[in-house]
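The following exercises are to be worked through with the sequence and the model in view. Each task is followed by a solution in steps.

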Amino acid sequence: MDNLLIGLANIMNLKYILLIMAGVAGGISIGSLPGLTATMGVALLLPVTFGMEATSGFLILIGIYVGAVYGGSVAAILVRTPGTPAAAATVFDGNEFAKRGEGGRAIGISTTSSAIGGIISALMLIFVSPYLANFALKFSSAEYFALAFFGLTIIASISAKSLVKGLAVGMVGLLISCIGLDPMTGYSRFTFGSYYLFSGFSLIPVMIGLFAMPQIYNSILEGVSEFHIKQHVTRVLPTKADMKLMLPTAIRSGFLGTFIGSIPGAGADIAAFTAYNEAKRWSKHPEKFGTGIVEGVAAPEAANNGVTGGALIPLLTLGVPGDAVAAILLGALTLQGLQPGPILFRDHIELVYTIFAGVLVANIFMFIMGILGIRLFTKVVSVPKYYLMPTIFILCVVGSYAINNSFFDVLVMMGFGIVGYFMQKVDMSASPIVLAMILGPMAEENLRKALVMSEGSASIFLTSPISLFFIVAAVGTVVWPMMKAMMNRNKEN
Amino acid sequence: MEHHPLDSYTRLSRERCTMTAKRHTTKKQADLIAAGILLILGIYVSIEVSGFKKIASLDIGPAFFPKVLGGLLIVFSILLALQTVKNNNQEPVEFMNRNLWIVFIVVGIFSIVFNLIGFVFSSIMILMVLMKLMGAGTWKKTLFVSTITTLIIYGVFDYFLHVPLPWGIFEGLF
């Protein structure tokens, strides 16, 4: 509790407050624009934080994350096009409101629910993380390997439409993480003798390439469309009756979103769809979903913002990112020389609690800006894409260049941009690559360390209960869907 | 996780799909190509790894991890190919069109000239091409917008973030 007070006191500093505000405002704008995702926004603006000290840089990124996940609902409601994949489920009911001329009401519901979901997740982050970090302090190499293994299998199995594709992409990510000098022996692997590859590919250019460039290529392929908002958005503060209707759904969905966010690899889009379906199942009138009802907007919006805090839980306590945005945030911390995980809690507790307080404050700002400034953000939706997308291309270039002042990183970004574009075309998600690049070194190093400790006996992974649990869970996530598919087939026959 | 939220909504894209549907690759073909590339990658890794020197004192050396991964990649790519053949998905996928070819070529030129003519000029060039291809207004207008955008980005990175962007052969002129 004392730590939290220190964190809150730290955050009450004009500079931090302004940075969070700027982040949230930028995030809402990015989120409002169809085609720009939260992942892309955070990846693109990460280079801007290089010159800042760790806390400032991280807080502005948190602001962007929180803002962008919420901002996606504006376009979803007003122009029937989700601003981010996370808002795809909001289209169903949100746009029905707009068709009735009640776009403002729907945005009000979305704003309030997003804030509720976000604040729930922030509180969960604050109260659950310390215990988890404390628990993780006991982890040795065997447990860390098992955790990384578990994270990898779960990512591969939920992030793609097809399990095999997810697993194959995950393998590619792990192989990419092997490029460079082997950290334990200094042996050079897959470097082709090139000096540039001795430390492998930098994570940030790979991420910018995989997450931002495909969107640009897609808008070239499909042409850009213009969005015009005809509707005049008036009252956005929800009425008492609406509040009463949405509260139970928003609270439930906020917890659900936090939980889904904390699972490695499951992000805001999955959370929003799950929450929408759950709200429908819980509802006394499920048939009304899709016709523009309060719960239909509240559920996905509370859940997708619930993910924001949830994704930070495993990131900060275990060093395992909860979703693609958290992976970029991990990159941001690493660039500042900070290694997320239990050690961060031990050595930089003040920073950790300042981040916690920042997540809370960012959600409050999101609410205030959503209620007061929504008319401004609705204008963003109509920004011409033919100016915007090319500008993003240049930002990708400059952002990749800025990390090491090296054009090699720009080439890496462009290469992965093309790879990412074709992956998207064959329904392969890019997230497993990025998460595998983070978890790969963690898995390999700890596997080898553990085997050195056990003198080569693999039983070390099965004798520790924690490690055994993760390994069983990991095998389960891959085997279970296959078994289910087989059982279904037997039933059909 | 990153779906493209726009495809089903863009009227333009739907029209183009129906226009060119005949020449399209099917999802089956696309997935088979992907599986093939992954298989080649897996085989390449396995061959490369077998050439790694053994380090006598270590059972599990630098070769172990990539060796396992390469093997698994081969297995998964074969599984993917089998699954693809079984599913036999004939839906069309549009990979490339004329504009995208132009963009890839221009991006290639950009990569080559970036270090030569520096950030500002290469950025103005590629911004103009991209903006025109996406349907922005007249050349004059795009030149203006490209220049302003480039200068703002240059200014922000150079002055505020202290990231000096290269000028190439124009170094020292400005």
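**Exercise 1.** In which helix of chain A does A:A436 lie? Determine also whether A:A436 is buried or exposed.

*Solution.* The model is a predicted one, in which local features need pLDDT of at least 70, side-chain atom pairs count only at pLDDT 80 or more, and totals for chains, interfaces and linings use all residues. Residues are numbered from 1 along each chain as its sequence is written, while chains are lettered from A and ligands numbered from 1 in the order in which they are written.

Step 1. A:A436 belongs to helix α19 of chain A. Helices (H or I, at least four residues) and strands (E, at least two) are DSSP runs numbered from the N terminus.

Step 2. A residue is buried if 20 or more other C-beta atoms lie within 10 Å of its own, exposed if 12 or fewer, and partly exposed in between, with C-beta atoms placed from the backbone. A:A436 counts as buried because it has 27 C-beta neighbours inside 10 Å.

Step 3. Two residues are in contact if their C-beta atoms, placed from the backbone, lie within 7 Å. Not counting residues up to four places away in sequence, A:A436 touches A:L152, A:G170, A:G173, A:L174 and A:S177. From A:A436 to A:V169 the C-alpha distance is 9.0 Å, although 267 residues separate them in sequence.

**Exercise 2.** Which residues of the largest nonpolar core touch the most other members?

*Solution.* Step 1. A nonpolar core is a set of buried Ala, Val, Leu, Ile, Met, Phe, Trp, Tyr and Cys residues joined through C-beta atoms within 7 Å.

Step 2. The largest such core has 226 residues, and A:L61 and A:V434 touch the most other members. Its largest share, 17 residues, comes from α4(A). The core also draws at least three residues from each of domain 1 (11–93) and domain 2 (98–170) of chain B; these bounds come from an automatic or database domain assignment.

Step 3. Leaving out residues up to four places away in sequence, A:V434 touches A:G173, A:V206, A:M207, A:L210, A:A324 and A:A327.

**Exercise 3.** Compare the spans of helices α6 and α16 of chain A with their expected values, and locate the kink in each.

*Solution.* Step 1. The expected span is 1.5 Å times one less than the number of residues in the helix. Helix α6 of chain A (residues 103–136) has 34 residues and reaches 46 Å between its first and last C-alpha, close to the 50 Å expected.

Step 2. The bend at a residue is the angle between axes fitted to the seven residues ending there and the seven starting there. In α6(A) a kink of about 35° lies at A:V128, shortly before the proline A:P130. Of the 34 residues of α6(A), 26 are buried.

Step 3. Helix α16 of chain A (residues 349–380) spans only 38 Å between its end C-alpha atoms, where a straight helix of 32 residues would span 46 Å. A kink of about 80° in α16(A) is centred on A:G373.

Step 4. A:V361 is also located in α16 of chain A. A:V361 is buried because 23 other C-beta atoms lie within 10 Å. Apart from neighbours within four places in sequence, A:V361 is in contact with A:I11 and A:I20.

**Exercise 4.** What covers the buried residues of α18(A), and what phi does A:D427 take just after this helix?

*Solution.* Step 1. The 19 residues of α18(A) reach 27 Å from first C-alpha to last, close to the 27 Å expected. Buried residues in α18(A) include A:V410, A:F416 and A:Y421.

Step 2. The cover includes α9 (203–211), α10 and α17 of chain A, together with α2 (27–50), β2 (92–93) and α4 (98–133) of chain B.

Step 3. A:D427, in the loop between α18 and α19 of chain A, has a positive phi of about 60° although it is not a glycine. Most residues other than glycine have a negative phi. A:D427 is partly exposed, with 17 other C-beta atoms within 10 Å.

**Exercise 5.** How many residues of chain A are in contact with chain B?

*Solution.* Step 1. 65 residues of chain A are in contact with 62 residues of chain B. On the chain A side, α17(A) gives the most, with 11 residues.

Step 2. In chain B there are five helices and two strands, in the order α-β-α-α-β-α-α from the N terminus. Of the 174 residues in chain B, 30% are buried.
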